[in-house]
Amino acid sequence: MASIALLGVPLDLGASRRGVEMGPSAVRLARLASRLEQLGHTVVDTGDVPVPTRETLRLERGIDFLPTITGVCRDIAQRTAALVRNGQLPLVLGGDHSLAAGSVAGVATALAERQQRLGLIWLDAHADLNTPTSTRSGNVHGMPVAHLLGHGDRDMASLAQPAPAIRPEHVVIIGARDLDQGERANAREFGVTIYTMRDVDERGLRAVLGEAIDRVSDGTAGLHVSLDLDFVDPREAPGVGTPVRGGATFREAHLAMETLWDTGRVVAMDLVEVNPVLDEVNHTAELAVGLMASAFGQRIL
Ligand code: MG
Ligand code: MG
């Protein structure tokens, strides 16, 4: 059984639609901790990382809030690194996906201290491969993967010790169905493997995820799973920051989580982009908690 540490990140500065800063509360209200405890895990809630309120900030020069978000990510990285050193499994509750530039960097840092590398499974409708120069929206939540690979803004790209946090052969993006032109070019240039929803449709989630797990497990000591709730189809998960039609079904999402638990290799998890403002009576947060139960060992039989 795992020793799971919840860490809330009420961050919305990386997104243009407001509301994801309430995601950690919505997921806590949907009884995440007790659900995981029922599965036999030890769960501690370490509270929230302090995040400046948007209304207190001036618009910074350049990309919206990039220096502020980088500061929050540095704090997150220190916390996830400390948790992993302490034998705990960070479960990071977002908040927008830019937080993963910190959460993954911290876990990679703790593994690097043991001469180990980290694999990354990124479940998302988007590839989050933009950089401050390639972005069209200016939203930092579309950039964390690029920064974890060492591209983009120098400060944000160097949060891991040593940087970059992740090698391109150790990251796989699954569920993508909305990439812009810059991200397609970056995916090729950075050497990232992407399984789109077409791959899931044609080959099935089990085959795609199995191949992805094999790939990111080769030469790594553990897996960080970064789950953007927009991986799931908006019919099931309407309360997300950036909904895109044609996503994973309810069962595909659960199968993904069950399969990841079966690997026994997951060392950290992000659960991000839950947006209660766009949700229907906390349906999406409850779905998220159900997915976390599957990710941490709940079985049908
Ligand atoms: Mg994302
Ligand atoms: Mg997304």
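**Largest pocket.** I looked up the largest pocket in this predicted model and found a volume of about 360 Å³. I listed 21 lining residues for the largest pocket, and those nearest its centre are His-126, Ser-137, Asn-139, His-141 and Thr-242. Sorting the lining by class gave me 10 polar, 9 charged and 2 nonpolar residues.

**Magnesium ion, ligand 1.** I went to the metals next. For the magnesium ion (ligand 1) I noted coordination by His-97 (ND1), Asp-124 (OD), Asp-128 (OD) and Asp-228 (OD), at 2.0 to 2.2 Å. Along the chain, I wrote the spacing of these donors as H-x26-D-x3-D-x99-D. I then placed two of the donors: His-97 is in the loop between β3 (89-94) and α4 (100-112), and Asp-228 is in strand β7 (residues 222-228), so the pair ties together parts that are 131 residues apart in sequence. I checked burial for this pair and found both His-97 and Asp-228 buried.

**Magnesium ion, ligand 2.** For the magnesium ion (ligand 2) I recorded Asp-124 (OD), His-126 (ND1), Asp-228 (OD) and two entries for Asp-230 (OD), at 2.0 to 2.8 Å. The donor spacing here reads D-x1-H-x101-D-x1-D. I noted Asp-124 as a bridge between the magnesium ion (ligand 2) and the magnesium ion (ligand 1), which lie 3.2 Å apart. Asp-124 and His-126 are both buried. I also marked His-126 as one of the residues nearest the centre of the largest pocket.

**Cavity.** How many cavities of 30 Å³ or more are there? I counted 1. The largest cavity holds about 40 Å³ of space. I found its lining to be Ala-101, Ala-105, His-147, Leu-148, Met-156, Ala-157, Ser-158, Leu-159, Ala-160 and Ala-165. The elements that give two or more residues to this lining are α4, α5 (144-148) and α6 (154-157). By class, I have 8 nonpolar and 2 polar residues in the lining of the largest cavity, with no charged ones.

**Thr-70.** I looked at Thr-70 in helix α3 (residues 66-85). Is Thr-70 buried or exposed? Its relative accessibility is 4%, so I entered Thr-70 as buried, the limit being under 20%. Leaving out residues up to four places away in sequence, I found Thr-70 touching Asp-153, Asp-155, Met-156 and Leu-159. Met-156 and Leu-159 also appear in my list for the lining of the largest cavity.

**Helices α10 and α11.** I took the packing of helix α10 (residues 250-263) on helix α11 (residues 283-295) and noted an angle of about 35°, with the axes 7 Å apart. From α10 I listed Phe-250, Ala-253, His-254, Met-257, Glu-258 and Trp-261, which meet Leu-287, Gly-290, Leu-291, Met-292, Ser-294 and Ala-295 in α11. The residues of this contact divide into 8 nonpolar, 3 polar and 1 charged.

**Backbone.** Most residues other than glycine have a negative phi, and most peptide bonds are trans. I searched for exceptions. The peptide bond from Gly-94 to Gly-95 is cis, with omega near 10°, and I placed Gly-95 in the loop between β3 and α4. The bond from Ala-163 to Pro-164 is also cis, with omega near -5°; Pro-164 is in the loop between α6 and β5 (171-176).

Phe-65 has a positive phi of about 60°, and I placed it in the loop between β2 (42-48) and α3. Phe-65 counts as buried, at 5% relative accessibility. Val-281 has a positive phi near 40° and is found in the loop between β8 (266-272) and α11. I entered Val-281 as exposed, with a relative accessible area of 80%.

Definitions and conventions
Residues numbered from 1 in each chain as written. Chains lettered and ligands numbered in written order. Predicted model: local features only at pLDDT ≥ 70, side-chain atom pairs only at ≥ 80, totals over all residues. Heavy atoms only, no water. 1 Å grid on protein atoms, 1.4 Å probe; cavity = no way out; pocket = protein on both sides within 12 Å on 5 of 7 lines; lining within 4 Å. Points joined across faces, edges and corners; volume = space filled by probe spheres on them. Nonpolar A, V, L, I, M, F, W, Y, C, P; charged D, E, K, R; others polar. Helix = DSSP H or I, 4+ residues; strand = E, 2+ residues; numbered from the N terminus. Buried < 20%, exposed > 50% of the residue type's maximum accessible area, 1.4 Å probe, protein only. Axes fitted to C-alpha atoms, helices over the stretch in contact; angles between N-to-C directions. Contact = heavy atoms within 4.5 Å.
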